[in-house]
Every structure is written in structure tokens, then in C-alpha cells.
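Subject: Structure for your files

Hello,

The structure you asked about is below. My notes on it follow.

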Amino acid sequence: LIRFVLRSGAEGLLLFPVVQEIYNKELLRLADMDFPVVLLDRELIGLGFPCVQTDHRLTGRMAAEACVRAGHRRIAYCTAAAEIQPVIQRLEGYEGFLREQGLPFGGELLITDRDLTQIRDRLKALLCDGVTAVVSAVSVITDMLLDLLEEDEAPFGRTPSILTIDKMDTSDRPQRAPSYIAQDTAAIGLRAVELLGQRIRRSHR
């Protein structure tokens, strides 16, 4: 894709790195050329490309604070595999706030399994064992949790609160729409375009 962009005559590139820690030859070539590149959401350390992203630590902290202010003390956190910086930083912010409040985190309360069946089983066990809120950073897990609640709420004693990282589409079941921490993606995109324009103009001097 990067080679195609260069051959097409593009003057700059907005890039969302899917795998954060893998630096391929094309990326290194762009850095050596000082080609105008702006990254979205994930940094590539050492290449000199500016990155426009959400404050992920603040996002995680806000999620924890919202749950605690709502009266929850035993909270489960579901996320994707924790190898990428946004996931790591959200967890740092989330766990940092809970630590300040003297509340439990990590261990059984942190779910990072890749197998959805295992995630479902762990969530069900936690909800039966006193977890009253779930923070979900992955839409597919949120969908699964909503399905689980629709099947049978009785074993849980009370309906657990669900909070998601960013808004998800629940138009098919509006009565179950979870609370969410909003990310201003429009502002992030606008700032990235502005920054890329500046870099392109600078390359023409």
C-alpha cells in the first residue's frame, strides 16, 4: 500500500498503524526520505512521525471514575490483547484511579482472552460473583455481554452496568444502550489533516 501511495504521486500520508511495533522497509524508507506522514492513534517510536491520538490514559481513568462515582466497587475490565500502546495506556489510567481509591483491579477482574467462549464463561462467573459493572473496550465483547444479559439476568442478582470505550451502535436494542466514554474522532481527524498539510507545505520549501 505504501509503495502504491508513493508511485501514485501522493504528497503525504495519513497512516493508522495496525501492528504498532512492526516497522517494515517502506516505513523506514518514508522516514529516511522525510516524507510527510502523520500517524493516527498509535505512535511509531523513533521514526519521527507526528501522531494525533486520544489521551488514552485519561480515557481509562475516566472509565474507572465513572463506575466508582456510580457506586460500583467490583468492576471487570475487558479489552483486546494488551500489546499495543493505546490498550496499555488505557489500562494504566484505569488501574491508576482504582489504586488511588483502594479498589481491586487486575487478576480475575481483567479479561484479555482471545477466545470468545472463554470470555463469556469468565464474565458470567464474575457477574455471579458480585461484579456489578463491566468496562468493555471491544465492541464484540460488548455485544456478547448484551446477549448474555438478554438470555438470563436472574443469576446475577442485579443488572450490571456496562460502560464502553467509545460509542457503539445499539440501534437494534436501544433499551440496552450502554454508557460510553466518547472519543472526539472528528477533531482527531481534522487535526491530523491540518498537521499533514503543514508538513506537505514545509516539504515544498
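D41 sits in the loop that runs between β2 and β3, the latter being residues 51-52. Its phi is near 75°, which is a positive value in a residue other than glycine. Is D41 buried or exposed? D41 counts as buried because its relative accessibility is 17%, and the cut-off for buried is under 20%. Please keep in mind that this is a predicted model, and that every value in this message is computed from it.

D34 also has a positive phi although it is a residue other than glycine; the value here is near 55°. D34 belongs to the loop between α2 and β2, with β2 covering residues 37-40. Its relative accessibility is 57%, so D34 counts as exposed, the cut-off for that class being over 50%.

Helix α2 itself spans residues 25-33 and contains L28. With a relative accessible area of 38%, L28 is partly exposed. On the surface, L28 forms a nonpolar patch with Y23 and I45. Together these three residues have about 270 Å² of accessible area. L28 can be part of such a patch because its 38% is above the 30% relative accessible area that patch residues must exceed.

S136 is a buried residue, at 2% relative accessibility. S136 is found in strand β6, residues 133-136. Which residues does S136 contact, leaving aside its neighbours within four places in sequence? They are C78, I141, T142, L163, T164 and I165.

Now the protein as a whole. How many helices and strands does the protein have? There are seven helices and eight strands. The C-alpha trace spans about 65 × 35 × 30 Å along the principal axes of the protein. The protein has 205 residues, and buried ones make up 45% of them. Of the contacts with a separation of 6 or more, 61% come from residues 24 or more positions apart.

On the outside, the protein exposes about 11,200 Å². Carbon and sulfur atoms supply 51% of that area. As for charge, there are 25 positive and 29 negative side chains. The centres of the two sets lie 5 Å apart.

To go through the residues in the viewer, you could begin with the two loop aspartates, D34 in the loop between α2 and β2 and D41 in the loop between β2 and β3. After those, turn to the nonpolar patch of Y23, L28 and I45, and then to S136 in β6.

Regards

Definitions and conventions
Residues are numbered from 1 along each chain as its sequence is written. This is a predicted model: local features need pLDDT of at least 70, side-chain atom pairs count only at pLDDT 80 or more; totals for chains, interfaces and linings use all residues. Side-chain values use heavy atoms; hydrogens and water are left out. Helices (H or I, at least four residues) and strands (E, at least two) are DSSP runs, numbered from the N terminus. Buried means under 20% relative accessible area, exposed over 50%, partly exposed in between (1.4 Å probe, protein chains only). Contact means heavy atoms within 4.5 Å. Accessible areas come from the Shrake-Rupley method with a 1.4 Å probe; for residues, only the protein chains shown count as cover. Lys and Arg count as positive and Asp and Glu as negative; His and the chain ends are not counted. The place of a charge is taken as NZ of Lys, CZ of Arg, CG of Asp or CD of Glu. Patches are made of residues with over 30% relative accessible area and no salt bridge: like charges are joined within 9 Å, nonpolar side chains (Val, Leu, Ile, Met, Phe, Trp, Tyr) within 5 Å. A salt bridge is a side-chain nitrogen of Lys or Arg within 4 Å of a carboxyl oxygen of Asp or Glu.
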